[in-house]
Amino acid sequence: MPYSLSEEQIDYILNDIKQRGVEMEKLQINLLDHVCILLEERLKEGDDFKKVYEEAIKEFFDKNLNEIEKETKSLLKNKHYYKMKKVWYFILFVSLGYNVIMGSKAVYKYFKYKNEMREWLELKETTFKEGHTYLLQKLKEEYPEAKIKDYICISFLGQPMSDEEREIFGLDKDTASERQTLIGLKQEYKSIDSLSNIYKNNITYVFAFEKNHFPFRKNEEATDEFIISMKQEFKSALFLKDMNKLMAAYENNRKGKVKFYPTIFVVDRNSKLVFDCNYFAKQHVYLAKFLKTLPG
Amino acid sequence: MLFSSELIKGTLKTIILKMLSENRRMYGYEITQAVKEITGDKIQIREGALYPSLHSLEAEGLLITETEYIGKRLRIYYSLSKEGKSKSKEKIKEFNEFMATMKHLLDTKTKHALLS
């Protein structure tokens, strides 16, 4: 029957290995297992365990057992250098990847807005006869006394403003849900109003609403109430309700060219659509740019 | 004839990779015994050289370890990682070429070769 070391003998060997200066746990396990196998091969019943152990362990080293640990550590030191090299390459790779992604995002954004601006320029050449006629008719009904100027700017708001726009107009950065409140919507009209004060152009400003305007959804009364409160605040702007048909006409006119409802657009006396923009294209910023180009 | 430990030192990693490429997993003592047996006692790996090399190969990511209880003590088994498998082939090929070159070098009469 092969010799089997007792728990005490194993503990004795492990302690001895530790006392000889081997601190690395994995190396302790390696050496303990190795020497135990040797001992179990060599020991016979009645042998002096410690004597046989001393002879066996001496085969492991020249001067001290811990020279194995020293050698291990010196090899690992070199490996760490290579390991760190790998880590640096990894970091470099990740940061390069990040820059490429962010860079392409910026390029995409740039071309996206450029494209939207180009679409708007193309639109300058198109007409808006059907919509314009309807608009003039509605204005005459609601405001028979009003003198309509050379351009009509229709603001059809109801979408929340982006943070960037809010910053331009010095508004608080609210959360998305808060932006959809009446206060948020009022602030947007306020921005248009402030633009009309800055650029004293020959423009009639119309704030247009659907029958059940966003964010009131299917509540006509709420839309009416909102318009009444707005009228008290913005005396210079004209308010038109039930403008779904105008939007339908606009959509017809822009068929295949826009995916989203416009939020602001401008029509001249000759029914030409001279400016339009939607929420996704930073409406207020582009409107300001456009107003700059009009004669004062 | 027993080869000197100096000669074995430079080739030990290749020996370990070769052994592990032919066995799913091995522990330290097993490696020394297998090498001893295959080489007819000509190559005897010393513990003081084996374990530092095993730890180093593990740190390089070429080996993976499994620790198991054998009765009352622990045993660490070594096996090749995915990277270790391809590296072992590479190392063995390189070493074969090295041996062929050494043989050529030692067989050639240097003086004669330089003159002709």
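These exercises work through the interface and the aromatic pairs of a predicted model.

**Exercise 1.** Describe the interface of chain B and chain A by its contacts and its buried area.

*Solution.* Start with contacts. On chain B, 25 residues touch 30 residues of chain A. Next, take the area. The two chains bury about 2500 Å² between them. Carbon and sulfur atoms account for 58% of it.

**Exercise 2.** Find the polar links between the chains, then say which elements of chain B supply the touching side.

*Solution.* Count the salt bridges: there are five between chain B and chain A. One of them joins B:R73 to A:D33, with the closest N and O atoms 3.0 Å apart. Polar contacts across the interface come to 12 residue pairs. Now turn to the elements. Two or more residues each come from α3 (28-38), α4 (47-59) and β2 (73-80) of chain B. α4(B) gives the most, with nine residues. By type, the touching side of chain B has eight nonpolar, seven polar and 10 charged residues.

**Exercise 3.** Classify the ring pair A:Y12 and A:Y53, and place both residues.

*Solution.* The ring centres are 6.0 Å apart and the planes stand at 75°. Planes over 60 degrees apart count as edge-to-face, so this pair is edge-to-face. A:Y12 sits in helix α1 (residues 7-19) of chain A and A:Y53 in helix α3 (residues 49-58) of chain A, 41 residues apart. A:Y12 has 29% relative accessibility, so A:Y12 is partly exposed. A:Y53 has 0%, so A:Y53 is buried.

**Exercise 4.** Do likewise for A:F207 and A:F234.

*Solution.* The centres lie 6.0 Å apart with planes at 85°, so the pair is edge-to-face. Both residues are buried. Both belong to one aromatic cluster, along with A:Y189, A:F209, A:F226 and A:F239.

Technical notes: Residues numbered from 1 in each chain as written. Chains lettered and ligands numbered in written order. Predicted model: local features only at pLDDT ≥ 70, side-chain atom pairs only at ≥ 80, totals over all residues. Heavy atoms only, no water. Contact = heavy atoms within 4.5 Å. Buried area = accessible area lost by both parts, 1.4 Å probe. Salt bridge = Lys/Arg side-chain N within 4 Å of Asp/Glu carboxyl O. Polar contact = N/O pair within 3.5 Å; in protein donor to acceptor, adjacent residues only side chain to side chain. Helix = DSSP H or I, 4+ residues; strand = E, 2+ residues; numbered from the N terminus. Nonpolar A, V, L, I, M, F, W, Y, C, P; charged D, E, K, R; others polar. Phe/Tyr/Trp six-rings, centres within 6.5 Å; stacked < 30°, edge-to-face > 60°. Buried < 20%, exposed > 50% of the residue type's maximum accessible area, 1.4 Å probe, protein only.
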